Amino acid sequence: MSAAPVPIPVPPELFAILRADLRYFDWRPERRHRLRLAGACEIEEARRKVGLVLPPPGVRVFCGIHRLSPGSVHRVIGFAIDVGEVDFDEKTAARAYARLNPQDVTTHPAEADLWHAVPSPRAIGG
């Protein structure tokens, strides 16, 4: 008989980030998605759990969040070209979540597979 797997302890910093994501959706009940830069502890967690590699220069690790229900979210992590934006509209965040979800973060991304984390023109007055 095999022994039960030993759970990896979750750092308190990760709980703080998750609480912030939940508050984000509490304050914006119309939103279903969020896109933000991944926190250092999220990057480390992904390195330990799934073998995430650090991205090349000019590329950042992003976290896409989908609110499943009040108090429940699903997070995905992946790479995108950093454009310096920190506040993404719903449409951009939903598209980013869909693009981040299937990414293979265990190898460096191919240049052609990278996308720019740019808000939709309507979100920035275009």
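Good morning. I begin at the end of helix 2, where the next residue is Gly51, with a positive phi near 80°. Please bear in mind that the model on the screen is a predicted one.

Let us stay with helix 2, which covers residues 40-50. Which of its residues are buried? They are Cys41, Glu42, Ile43, Glu45 and Ala46. The cover over these buried residues includes helix 1 (12-27) and three strands, namely strand 1 (33-37), strand 2 (59-69) and strand 3.

I turn now to the cysteines. How many disulfides does the structure hold? The number is zero. For Cys41, the closest cysteine sulfur belongs to Cys63 and lies 9.9 Å away, which is too far for a bond, because a disulfide requires the two sulfur atoms to be within 2.5 Å. Cys63 is likewise in no disulfide, its nearest cysteine sulfur being that of Cys41. As to accessibility, Cys41 has a relative accessible area of 14% and is therefore buried. Cys63 also counts as buried, at 2% relative accessibility.

Next, the nonpolar interior. The largest nonpolar core has 15 residues, and those touching the most other members are Ala38, Ile43, Leu52, Val61, Ile77, Phe79 and Leu114. At least two residues of this core come from each of helix 1, helix 2, strand 2 and strand 3. Which element gives the most? Strand 2 does, with four residues.

Val61 deserves a closer look. When neighbours within four places in sequence are left aside, Val61 is in contact with Leu37, Ala38, Ile43, Leu52, Pro55, Ile77, Gly78 and Phe79. Apart from this, there is a second, separate core of 10 residues, among them Val76, Ala80, Ala96 and Tyr97.

Finally, I come to the largest pocket, which contains about 340 Å³ of space. Its lining is made up of 16 residues, and nearest the centre are Glu45, Ala46, Arg75, Val76 and Ile77. Helix 2 and strand 3 (72-81) are the elements that give two or more residues to that lining. By class, the lining has nine nonpolar, three polar and four charged residues.

Several residues recur across these topics. Glu45 and Ala46, buried residues of helix 2, lie among those nearest the centre of the pocket. Ile77 is also in that central group, and it is a member of the largest nonpolar core. Val76, again one of the residues nearest the pocket centre, belongs to the second core. Thank you for your attention.

Terms used:
Residues numbered from 1 in each chain as written. Predicted model: local features only at pLDDT ≥ 70, side-chain atom pairs only at ≥ 80, totals over all residues. Heavy atoms only, no water. 1 Å grid on protein atoms, 1.4 Å probe; cavity = no way out; pocket = protein on both sides within 12 Å on 5 of 7 lines; lining within 4 Å. Points joined across faces, edges and corners; volume = space filled by probe spheres on them. Nonpolar A, V, L, I, M, F, W, Y, C, P; charged D, E, K, R; others polar. Buried < 20%, exposed > 50% of the residue type's maximum accessible area, 1.4 Å probe, protein only. Contact = heavy atoms within 4.5 Å. Core = buried A, V, L, I, M, F, W, Y, C linked by side-chain atoms within 4.5 Å.
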